[in-house]
Amino acid sequence: MPRRPRIILPGVPLHIIQRGNNRQACFFADEDYCFYLDWLQEYSRKSGCAIHAYVLMTHHVHLLLTPKRKESAGNLMKLLGQRYVQYINRTYKRSGTLWEGRFRSSVIQQDTYLLACQRYIEMNPVRAGMVKHPGDYRWSSYGVNGQGDPSKLLTQHPIYNDLGQNSKERLSTYSDLFRDEIEPGEIVLQAWSEALRPSGATTVTHGDSETAADLAMGSAGTVAWTVLDGDGVEVPAMVSVVPLD
(Lines give C-alpha, C1' and ligand atoms only; values in the text may rest on other atoms or scores of the structure.)
Protein backbone atom coordinates (compact mmCIF):
# COMPACT_ATOMS: atom_id res chain seq x y z
CA MET A 1 0.00 0.00 0.00
CA PRO A 2 1.55 3.37 -0.97
CA ARG A 3 2.34 5.84 1.77
CA ARG A 4 -0.09 8.70 2.17
CA PRO A 5 1.46 12.08 1.31
CA ARG A 6 2.22 14.46 4.15
CA ILE A 7 0.21 17.61 4.59
CA ILE A 8 2.80 20.38 4.94
CA LEU A 9 1.90 24.01 4.32
CA PRO A 10 4.60 26.70 4.16
CA GLY A 11 4.20 29.10 7.06
CA VAL A 12 1.90 26.76 9.02
CA PRO A 13 3.34 25.12 12.19
CA LEU A 14 3.97 21.39 12.38
CA HIS A 15 4.15 19.06 15.38
CA ILE A 16 6.77 16.41 14.56
CA ILE A 17 7.46 13.19 16.44
CA GLN A 18 10.37 10.87 15.73
CA ARG A 19 10.83 7.69 17.74
CA GLY A 20 13.71 5.32 18.22
CA ASN A 21 13.47 2.06 16.31
CA ASN A 22 11.29 -0.42 18.22
CA ARG A 23 10.89 2.31 20.85
CA GLN A 24 14.53 1.81 21.85
CA ALA A 25 16.76 4.56 23.23
CA CYS A 26 18.21 7.13 20.84
CA PHE A 27 20.09 9.20 23.45
CA PHE A 28 22.66 7.58 25.73
CA ALA A 29 24.73 10.37 27.25
CA ASP A 30 24.60 14.14 27.78
CA GLU A 31 26.89 14.66 24.80
CA ASP A 32 24.32 13.02 22.53
CA TYR A 33 21.64 15.55 23.48
CA CYS A 34 24.10 18.41 23.00
CA PHE A 35 25.17 17.29 19.54
CA TYR A 36 21.55 16.75 18.48
CA LEU A 37 20.61 20.29 19.53
CA ASP A 38 23.67 21.78 17.83
CA TRP A 39 22.78 20.05 14.58
CA LEU A 40 19.10 20.93 14.98
CA GLN A 41 20.12 24.59 15.10
CA GLU A 42 22.44 24.24 12.09
CA TYR A 43 20.06 22.32 9.84
CA SER A 44 16.92 24.20 10.81
CA ARG A 45 18.57 27.36 9.49
CA LYS A 46 19.82 25.68 6.32
CA SER A 47 16.46 24.09 5.56
CA GLY A 48 14.29 27.07 6.47
CA CYS A 49 12.51 25.89 9.63
CA ALA A 50 11.76 28.08 12.66
CA ILE A 51 11.89 25.96 15.83
CA HIS A 52 9.39 27.04 18.50
CA ALA A 53 9.60 24.16 20.99
CA TYR A 54 11.25 20.79 21.48
CA VAL A 55 11.83 18.00 23.92
CA LEU A 56 14.44 15.26 23.63
CA MET A 57 13.25 12.18 25.50
CA THR A 58 15.30 9.02 25.87
CA HIS A 59 13.33 7.18 23.19
CA HIS A 60 11.81 9.91 21.04
CA VAL A 61 11.84 13.56 20.00
CA HIS A 62 9.08 16.17 19.74
CA LEU A 63 9.52 19.31 17.64
CA LEU A 64 7.21 22.24 17.04
CA LEU A 65 8.33 24.19 13.99
CA THR A 66 7.17 26.36 11.12
CA PRO A 67 8.55 25.44 7.68
CA LYS A 68 9.35 28.26 5.28
CA ARG A 69 8.88 26.04 2.22
CA LYS A 70 6.96 22.84 1.53
CA GLU A 71 10.15 20.79 1.52
CA SER A 72 11.74 22.50 4.55
CA ALA A 73 10.61 20.07 7.27
CA GLY A 74 11.52 17.00 5.24
CA ASN A 75 14.96 18.38 4.44
CA LEU A 76 15.56 19.21 8.10
CA MET A 77 14.63 15.77 9.36
CA LYS A 78 16.68 14.05 6.64
CA LEU A 79 19.84 16.06 7.28
CA LEU A 80 19.50 15.94 11.04
CA GLY A 81 18.59 12.27 11.16
CA GLN A 82 21.46 11.17 8.93
CA ARG A 83 24.05 13.23 10.77
CA TYR A 84 22.89 12.04 14.18
CA VAL A 85 22.70 8.36 13.19
CA GLN A 86 26.24 8.51 11.78
CA TYR A 87 27.44 10.03 15.05
CA ILE A 88 25.66 7.43 17.20
CA ASN A 89 26.87 4.48 15.13
CA ARG A 90 30.44 5.76 15.16
CA THR A 91 30.46 6.64 18.85
CA TYR A 92 28.84 3.46 20.15
CA LYS A 93 30.26 1.12 17.47
CA ARG A 94 26.87 0.04 16.25
CA SER A 95 25.27 -0.26 12.82
CA GLY A 96 21.87 -0.09 11.25
CA THR A 97 18.95 2.25 11.70
CA LEU A 98 18.26 4.31 14.79
CA TRP A 99 14.87 5.82 13.95
CA GLU A 100 11.52 4.10 13.58
CA GLY A 101 10.69 4.72 9.93
CA ARG A 102 9.42 8.12 8.81
CA PHE A 103 8.88 10.90 11.26
CA ARG A 104 5.24 11.64 12.06
CA SER A 105 3.74 15.07 11.65
CA SER A 106 0.49 16.95 12.12
CA VAL A 107 -0.45 20.43 10.94
CA ILE A 108 -1.24 22.86 13.75
CA GLN A 109 -4.24 25.18 13.99
CA GLN A 110 -2.25 28.22 15.06
CA ASP A 111 -4.92 30.17 16.89
CA THR A 112 -6.34 27.33 18.98
CA TYR A 113 -3.65 24.69 19.26
CA LEU A 114 -0.16 26.12 19.09
CA LEU A 115 0.35 26.98 22.77
CA ALA A 116 -1.42 23.78 23.84
CA CYS A 117 0.92 21.78 21.62
CA GLN A 118 3.95 23.66 22.92
CA ARG A 119 2.87 22.96 26.48
CA TYR A 120 2.19 19.32 25.69
CA ILE A 121 5.69 18.94 24.28
CA GLU A 122 7.43 20.57 27.24
CA MET A 123 5.35 18.58 29.77
CA ASN A 124 6.56 15.24 28.39
CA PRO A 125 9.27 14.73 31.06
CA VAL A 126 6.74 15.48 33.81
CA ARG A 127 4.18 13.02 32.46
CA ALA A 128 6.94 10.41 32.14
CA GLY A 129 7.79 10.84 35.84
CA MET A 130 11.32 12.01 35.11
CA VAL A 131 10.93 15.39 36.83
CA LYS A 132 8.27 17.19 38.85
CA HIS A 133 8.46 20.47 36.93
CA PRO A 134 9.30 21.03 33.25
CA GLY A 135 11.98 23.54 34.23
CA ASP A 136 13.91 20.72 35.90
CA TYR A 137 14.47 18.91 32.60
CA ARG A 138 17.56 20.04 30.69
CA TRP A 139 16.64 18.82 27.23
CA SER A 140 13.50 20.79 26.44
CA SER A 141 12.63 24.31 25.34
CA TYR A 142 10.83 25.17 28.58
CA GLY A 143 13.92 26.86 29.98
CA VAL A 144 13.70 29.37 27.14
CA ASN A 145 9.94 29.70 26.77
CA GLY A 146 9.08 29.53 30.46
CA GLN A 147 12.16 30.81 32.27
CA GLY A 148 13.87 33.17 29.83
CA ASP A 149 17.08 31.22 29.24
CA PRO A 150 19.02 32.52 26.20
CA SER A 151 18.86 30.45 23.02
CA LYS A 152 20.13 30.74 19.46
CA LEU A 153 18.00 27.77 18.42
CA LEU A 154 14.45 28.91 19.16
CA THR A 155 12.29 31.43 17.33
CA GLN A 156 9.25 32.55 19.31
CA HIS A 157 6.00 32.23 17.39
CA PRO A 158 3.88 35.41 17.11
CA ILE A 159 1.18 33.78 19.23
CA TYR A 160 3.72 33.34 22.03
CA ASN A 161 4.85 36.95 21.63
CA ASP A 162 1.23 38.07 22.01
CA LEU A 163 1.22 36.73 25.59
CA GLY A 164 2.63 40.02 26.90
CA GLN A 165 4.03 43.40 26.01
CA ASN A 166 7.52 42.48 27.22
CA SER A 167 9.59 39.44 28.03
CA LYS A 168 8.67 39.41 31.72
CA GLU A 169 4.95 39.45 30.98
CA ARG A 170 5.27 36.72 28.35
CA LEU A 171 7.27 34.45 30.66
CA SER A 172 4.78 34.93 33.48
CA THR A 173 1.75 34.25 31.30
CA TYR A 174 3.37 31.25 29.65
CA SER A 175 4.50 29.65 32.92
CA ASP A 176 0.94 30.02 34.24
CA LEU A 177 -0.18 27.62 31.51
CA PHE A 178 1.72 24.83 33.27
CA ARG A 179 -0.15 24.97 36.56
CA ASP A 180 -2.45 22.15 35.49
CA GLU A 181 -1.58 18.98 33.64
CA ILE A 182 -2.66 18.66 30.03
CA GLU A 183 -4.29 15.51 28.70
CA PRO A 184 -3.24 13.91 25.39
CA GLY A 185 -6.84 14.11 24.17
CA GLU A 186 -6.74 17.89 24.34
CA ILE A 187 -3.94 17.88 21.82
CA VAL A 188 -5.72 15.46 19.53
CA LEU A 189 -8.93 17.43 19.90
CA GLN A 190 -7.37 20.63 18.59
CA ALA A 191 -4.96 19.27 16.01
CA TRP A 192 -7.24 16.69 14.49
CA SER A 193 -10.72 18.15 15.03
CA GLU A 194 -11.43 18.34 11.31
CA ALA A 195 -10.14 14.85 10.60
CA LEU A 196 -12.01 13.32 13.54
CA ARG A 197 -15.27 15.19 13.07
CA PRO A 198 -18.04 12.76 11.98
CA SER A 199 -20.77 13.65 9.54
CA GLY A 200 -23.38 15.95 11.08
CA ALA A 201 -21.29 16.93 14.11
CA THR A 202 -20.14 20.49 14.63
CA THR A 203 -17.60 20.12 17.44
CA VAL A 204 -15.61 17.25 18.91
CA THR A 205 -15.55 17.73 22.69
CA HIS A 206 -13.70 14.78 24.21
CA GLY A 207 -13.07 11.09 23.94
CA ASP A 208 -10.72 8.22 24.65
CA SER A 209 -7.72 10.49 24.90
CA GLU A 210 -4.89 7.96 25.15
CA THR A 211 -6.21 5.84 22.30
CA ALA A 212 -6.88 8.90 20.18
CA ALA A 213 -3.44 10.35 20.76
CA ASP A 214 -1.83 7.10 19.70
CA LEU A 215 -4.08 6.70 16.68
CA ALA A 216 -3.72 10.27 15.50
CA MET A 217 0.06 9.97 15.38
CA GLY A 218 0.22 6.31 14.40
CA SER A 219 -2.18 3.62 13.27
CA ALA A 220 -5.65 3.79 11.79
CA GLY A 221 -8.56 2.71 13.95
CA THR A 222 -11.70 3.85 15.73
CA VAL A 223 -12.13 6.14 18.71
CA ALA A 224 -15.13 6.72 20.94
CA TRP A 225 -15.81 10.46 21.10
CA THR A 226 -18.49 12.73 22.47
CA VAL A 227 -19.53 15.33 19.93
CA LEU A 228 -21.93 18.25 19.77
CA ASP A 229 -24.63 17.84 17.14
CA GLY A 230 -26.18 20.67 15.17
CA ASP A 231 -28.42 21.57 18.12
CA GLY A 232 -25.54 21.73 20.59
CA VAL A 233 -26.43 18.42 22.28
CA GLU A 234 -23.66 16.02 23.29
CA VAL A 235 -24.01 12.64 21.60
CA PRO A 236 -21.65 9.62 21.54
CA ALA A 237 -19.96 8.72 18.27
CA MET A 238 -17.44 6.21 16.99
CA VAL A 239 -15.01 8.09 14.77
CA SER A 240 -12.73 6.44 12.23
CA VAL A 241 -9.18 7.79 12.27
CA VAL A 242 -6.86 7.63 9.27
CA PRO A 243 -3.45 9.17 10.10
CA LEU A 244 -1.58 11.17 7.51
CA ASP A 245 1.61 9.12 7.87
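Two strands count as paired when DSSP finds at least two bridges between them. With that in hand, start with one pair of residues. Val55 has His62 in β3 as its bridge partner. Tyr54 is matched with Leu63 of β3. The model shown here is predicted.

These bridges belong to the pairing of β2 with β3. Strand β3 spans residues 60-67, and its antiparallel pairing with β2 runs over 7 bridges. The two strands make a hairpin, with 3 residues between them. Strands of a sheet pair through backbone hydrogen bonds, either parallel or antiparallel.

Now widen the view to the sheet. It is open and has 4 strands, in the order β2-β3-β1-β4, with antiparallel pairing. Its edges are β2 (49-56) and β4 (104-107), each of which pairs on one side only. On average, neighbouring strands are turned by 20° against each other, direction ignored.

Helices pack on this sheet. Helix α1, residues 30-47, touches β2 and β3. The direction of α1 makes about 160° with that of β2. Helix α2, residues 72-91, lies across β1 (14-19), β2 and β3. Relative to β3, α2 runs at about 145°.

Is β2, an edge strand, mostly buried or exposed? Buried here means under 20% relative accessible area. By that cut-off, 7 of the 8 residues of β2 are buried, so the strand is largely enclosed by the rest of the structure.

Next, go along the chain to helix α7, residues 167-176. Which of its residues are buried? They are Arg170, Leu171 and Tyr174. These residues cover an arc of only 95° around the axis, so they sit on the same side of α7. The general rule is helpful here. An α-helix has 3.6 residues a turn, so residues three or four places apart point the same way. At the N-terminal end, α7 is capped by Asn166. A side-chain oxygen of Asn166 lies 3.2 Å from the backbone nitrogen of Lys168.

Finally, step back to the whole protein. It has 10 helices and 7 strands. Of its 245 residues, 48% count as buried. The exposed surface is about 12200 Å², and carbon and sulfur atoms supply 49% of it. Contacts also reach along the sequence. Among those between residues at least 6 apart, 68% join residues at least 24 apart.

How values were computed: Residues are numbered from 1 along each chain as its sequence is written. This is a predicted model: local features need pLDDT of at least 70, side-chain atom pairs count only at pLDDT 80 or more; totals for chains, interfaces and linings use all residues. Side-chain values use heavy atoms; hydrogens and water are left out. Axes are lines fitted to C-alpha atoms, for helices over the stretch in contact, and angles run from 0 to 180 degrees between N-to-C directions. Contact means heavy atoms within 4.5 Å. Buried means under 20% relative accessible area, exposed over 50%, partly exposed in between (1.4 Å probe, protein chains only). The arc is that of the directions from the helix axis to the C-beta atoms. A polar contact is a pair of N or O atoms within 3.5 Å; within protein, one must be able to donate a hydrogen and the other to accept it, and residues adjacent in sequence count only if both atoms are side-chain atoms. Accessible areas come from the Shrake-Rupley method with a 1.4 Å probe; for residues, only the protein chains shown count as cover.
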